[in-house]
Amino acid sequence: MPLDAADAASVVVVVDLFCGIGGFSEGARQAGASVALAVDSWRAALDAHASRHPEAEHWCEELGGDVAEFAGRVRAAVPTGCRLHLHRSPPCQQLSSLNPGGDRVEGMRLVTWYLDVVDALRPHSWTMEQVPHPAVLRLLTERRAPFGVLRFDEFGVPTARRRVIAGTVDFDALPRREAPPAARVLAGLEDMAGGFTRLTGGRVDVAGGGGYVSRSLDLVSSTVTRRFPCLYDPEARRSKMLRPRSLLALQSFPRGYLDAAAPGTEDARLMIGNAVSPALARALMTAVCGGERAIM
Ligand SMILES: C[S@@+](CC[C@H](N)C(=O)[O-])C[C@H]1O[C@@H](n2cnc3c(N)ncnc32)[C@H](O)[C@@H]1O
């Protein structure tokens, strides 16, 4: 339904680039923003996004090409007069310390591409999420882009994830919210009987052997990735993978988030591990929306 000018000016409209299954979009929706456009090159992730945000336009395409051409198409797709918020979380594998073989040049090219899109579109507000690689922090400093390195558990997300978030948000002023321990989040979702009393974030290799790093279920979980955390039995030294619904809960998604899209288990794990936690996105977008009227 077209908005009149007064309504339009009070609405925050989100364009979510590299949208995945929509962790950022979900948090933005909860904060009262309206998702107008979502773009990703992975069809299955985009379909999952569309199942939760049918109101948005969805473009399945490879991002990173001609900036002016792309900015022109985005401008044409967004309702005029609205307050535009641009977000992007490009793939972090290329720049992650967990992936020493990542293509750093390609990772940095997509970061630069996005900052160029921000310059071309000049949205009312913008955000970007990335692993805190030194090259990313250096580029943000050079481009005079404000940023903060945020711990997600300070925003109610029950994981130890830490990311650089750049953009037009006062990061220090964001309200902090305590995250629940993993045990409370997983209760009713996983069977912890049989000695599975801890979580593991994976094996470490050390001289003379190595073993699983584990942490108490009374703490927040280690970062959610495709394979971890797992439940861990320290006596028997065995681990057990969590179900996708548990990974969703640890990432602060609402229950049943992927039910309508029903991706295969392996795809679901990757999509969930990739996601921006909705609780963090909600905190960012509540600051952006500033109590504006929500479109439901
Ligand atoms: C970190 S994930 C995005 C997570 C998402 N923001 C969320 O909150 O759920 C990165 C996404 O970028 C997509 N991607 C990677 N390279 C791309 C490219 N060149 N163009 C478009 N999408 C790309 C992947 O398919 C993946 O879904």
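Me: Before we get to the ligand, what makes something a polar contact?

Reply: A polar contact is a pair of N or O atoms within 3.5 Å. Keep in mind that this is a predicted model.

Me: OK, so what makes the link between the ligand and Ser 89 a polar contact?

Reply: A nitrogen atom of the ligand is 3.1 Å from an N or O atom in the Ser 89 side chain. The cut-off is 3.5 Å, so the pair counts. As for cover, the protein takes up 92% of the 600 Å² of accessible area that the ligand has on its own.

Me: What about the backbone, where does the ligand have polar partners there?

Reply: At Phe 18, a polar backbone atom is 3.2 Å from a ligand nitrogen. At Cys 19, a polar backbone atom is 3.4 Å from a ligand oxygen. Both pairs fall within 3.5 Å, so both are polar contacts.

Me: Which residues come nearest to the ligand?

Reply: Of the 19 residues around the ligand, those are Gly 23, Asp 40, Glu 62, Leu 63 and Val 276. The shell divides into ten nonpolar, six polar and three charged residues, and the ligand sits in the second largest pocket.

Me: Why is Cys 19 called buried?

Reply: Its relative accessible area is 6%. Buried means under 20%, so Cys 19 qualifies.

Me: And how do you know that Cys 82 is not in a disulfide?

Reply: The closest cysteine sulfur, in Cys 289, is 12 Å from that of Cys 82. A disulfide needs the sulfur atoms within 2.5 Å, so that is too far for a bond. Cys 82 also counts as buried, at 6% relative accessibility. The structure holds zero disulfides.

Methods: Residues numbered from 1 in each chain as written. Predicted model: local features only at pLDDT ≥ 70, side-chain atom pairs only at ≥ 80, totals over all residues. Heavy atoms only, no water. Near = heavy atom within 4 Å. Polar contact = N/O pair within 3.5 Å; in protein donor to acceptor, adjacent residues only side chain to side chain. Areas by Shrake-Rupley, 256 points an atom, 1.4 Å probe, with all protein chains shown as cover. 1 Å grid on protein atoms, 1.4 Å probe; cavity = no way out; pocket = protein on both sides within 12 Å on 5 of 7 lines; lining within 4 Å. Sits in = over half its atoms within 2 Å of the grid points. Nonpolar A, V, L, I, M, F, W, Y, C, P; charged D, E, K, R; others polar. Buried < 20%, exposed > 50% of the residue type's maximum accessible area, 1.4 Å probe, protein only.
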